[in-house]
Amino acid sequence: MTKTEEIFEYLKWRFEDANLVYHPANSGQPWIIISAPFIREISHFLRDDMELRFDSLMCLSGVHYPSEEMLGVTYHIHSTRYGYNLVLKVAVNVNDPLVPSVESIWKTADWHEREAWDMLGIKFEGHPNLTRILCPDDWEGFPLRKDYVQQDTYLGLETK
Amino acid sequence: MTETSLKTPDSRKMVLNMGPQHPSTHGVLRLELELDGEIVTGVKPHIGYLHRCFEKYAESLDDYSKVVPYTDRLDYVAAMSQEFSYALAVEKLLEIEVPERVEYIRVIMAELQRIASHLLAVGTFGLDLGAFTPFLYCFTEREKILDIFEKASGARLLYNYICIGGLMKDVPSDFKSDTQNFVSTFRPKIKELNDLLTTNRIFINRTAHIGVLPAEVAINYAASGPVLRGSGVSWDIRRDDPYSIYDQLDFNIPIGQGEVGTVGDCWDRYIVRVLEMEESLKIIEQALEKMPEEGDVREKVPKRIKPPEGEVYVRTESPRGELGFYIISDKSPRPYRVKARAPSFVNLSLLPSISLGSMLGDLVAIVGSIDIVLGEVDR
């Protein structure tokens, strides 16, 4: 049993409503899929549980899956005390991309969530300042979506 | 800090823009400051001036190999480390192993790059605080490393040298002697730098007790590299999550101990970089000794790389901290998603939390001690 599988069994028993799914991996690490509304609650548990102590969020990445009309968020978390990693994933519909923010749990998420909003238009509920971070505030569209079309002009200047 | 607090009129407070063209901001970074006299009461970093959307570029290229030159341009003062990390990620996706000789050359290059990058960081940090001479000393030494890189790759800054499955070409025949030569001449120079800057009274007064970053805050922000280790946390991916051949090499992890001030202040972050240069020299010496003399430098990789469906997150210890690449492959020769987790981006995000209440002049020291490269912050 891999570490991720063990943690998955542990979480499944605790969060019955969160529709947890274990996903084995071809290469790299397996991941756990979580129903989006539960991500903050589960993250909180993962950080504070004495046996897990996932105290640091290494990376938060948004991904667009156009064929399924979904936007996904991948969380790579790490426990500095026990030295292991875990991958969590949530997916939401592209027309209603609401994901609870984990900014209050891991401060890293502050800028990473702003970046995911800026690049993919994922709305993080409960984020204190969800504004664009890399693009200008009045930029149109979300560049990392697969169907993104760049605007022709910005402030009267041609962009192409 | 919220948007509204900057807009509330308060006759005692002044809003000041530092940057984006300020000489001591290490690139096009704009800090929106709120000042009460000389005390900083609010900091709001504005980034994105160098944003090129590297991730969109990577998705639009029809070959995994074509992404390598773009990774060079993330952290343009430590390009070798970026290539190294990206190549490792794709190799993990392809499940291939590179020849032993390649591993050694890559590690030597990465450690030389670490020294070059730390020399730049230390030099410009001194410059920010008004010490001009150490900057010139640092750059003289950095130039020697760039010469070694130029001989091997043909370029001084953006190398495109480490590629998927190996190296672009073998190192030149005098690589070993050049590097040994550098190691032996550089060691006494660190002592010179210590005499000039590290123990300099004025420098200590400007950096000790300034911008203190407590360990738990650093971990919560997922700070990494010298910024994390400066706060006394002994954490280095080369040792704690080893990749390549680092587990066969012997080196120490220097941490900040508050020798002249508080643990986690600007001086601690600075001294960690200086001590790391010595550790890198140790690694280079060991690697040079163990490196196989002869051998292939390219693993047989298909001309058109088509990794199996899957995803990986690979992280390495770049000079600035944890550099991660999250790559998703959908079996096509085009990367489906490439996310670069840049250490500077994360380290910069904790700036507001350590600079509130400090003097405006000290803010320059704090920004310098974090050692950001805007190419990597903005990507």
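Against which helices of chain B do the buried residues of H7(B) pack? The tour of this predicted model starts there.

**Stop 1: helix H7 of chain B**

Select residues 175–198 of chain B, which form helix H7. Its buried residues are Thr179(B), Leu193(B), Leu197(B) and Thr198(B). These residues pack against helix H5 (100–128), H6, helix H8 (201–207) and helix H12 (266–290) of chain B. While H7(B) is selected, centre the view on Phe186(B), where the helix has a kink of about 30 degrees. The proline Pro188(B) follows shortly after this kink.

**Stop 2: the pair H6 and H7**

Add residues 133–153 of chain B, helix H6, to the selection. The axes of H6(B) and H7(B) are 10 Å apart and meet at an angle of about 170 degrees. Angles over 145 degrees count as roughly antiparallel, and H6(B) and H7(B) are therefore roughly antiparallel to each other. To display the contact on the H6(B) side, show Thr133(B), Pro134(B), Tyr137(B), Glu141(B), Lys144(B), Ile145(B), Ile148(B), Lys151(B) and Ala152(B). On the H7(B) side, the contact residues include Phe175(B), Phe182(B), Phe186(B), Leu193(B) and Leu197(B). Coloured by class, the residues of this contact divide into eleven nonpolar, two polar and six charged. Phe186(B) thus appears both at the kink of H7(B) and in the contact with H6(B).

**Stop 3: the hairpin E6–E7 of chain B**

Next, select residues 310–318 of chain B, strand E6, together with residues 321–329, strand E7. The two strands run antiparallel and are joined by nine bridges. A hairpin of two residues links E6(B) to E7(B). For one facing pair, label Val312(B) and Ile327(B), which stand opposite each other. Is E6(B) mostly covered or uncovered? Eight of the nine residues of E6(B) are buried, and the strand is mostly covered.

Continue from E7(B) into the loop that leads to E8, where Lys331(B) is found. Phi of Lys331(B) is near 80 degrees, a positive value in a residue other than glycine. Lys331(B) counts as exposed, with 11 C-beta neighbours inside 10 Å.

**Stop 4: where chain B touches chain A**

Show both chains and display the residues in contact: 35 of chain B with 27 of chain A. On the chain B side, at least two residues each come from helix H2 (54–60), helix H4 (79–94), helix H9 (215–220), E6, E7, strand E8 (337–341) and helix H13 (343–349). E6(B) gives the most to this side, with five residues. The residues of the side of chain B that touches chain A divide into 14 nonpolar, seven polar and 14 charged.

**Stop 5: Glu69 of chain A**

Move to chain A and select Glu69(A), in the loop between strand E3 (56–65) and strand E4 (70–78). Glu69(A) is not a glycine, yet its phi is positive, at about 55 degrees. Most residues other than glycine have a negative phi. Glu69(A) is exposed, with 10 other C-beta atoms within 10 Å.

**Stop 6: the open sheet of chain B**

Finally, return to chain B and select strands E1, E2 and E3, which form an open sheet in the order E1-E2-E3 with antiparallel pairing. Strand E1 (13–18) and strand E3 (39–46) are the edge strands, each pairing on one side only. From one strand to the next, the twist averages 20 degrees. Strand E2 (residues 30–36) is joined to E3(B) by seven bridges. Within this pair, Leu33(B) stands opposite Val43(B).

Technical notes
Residues numbered from 1 in each chain as written. Chains lettered and ligands numbered in written order. Predicted model: local features only at pLDDT ≥ 70, side-chain atom pairs only at ≥ 80, totals over all residues. Buried ≥ 20, exposed ≤ 12 C-beta atoms within 10 Å, placed from the backbone. Helix = DSSP H or I, 4+ residues; strand = E, 2+ residues; numbered from the N terminus. Pairing = 2+ DSSP bridges. Axes fitted to C-alpha atoms, helices over the stretch in contact; angles between N-to-C directions. Parallel < 35°, antiparallel > 145°, perpendicular 65-115°, else oblique. Contact = placed C-beta atoms within 7 Å. Nonpolar A, V, L, I, M, F, W, Y, C, P; charged D, E, K, R; others polar. Bend = angle between axes of the 7 residues up to and from the residue.
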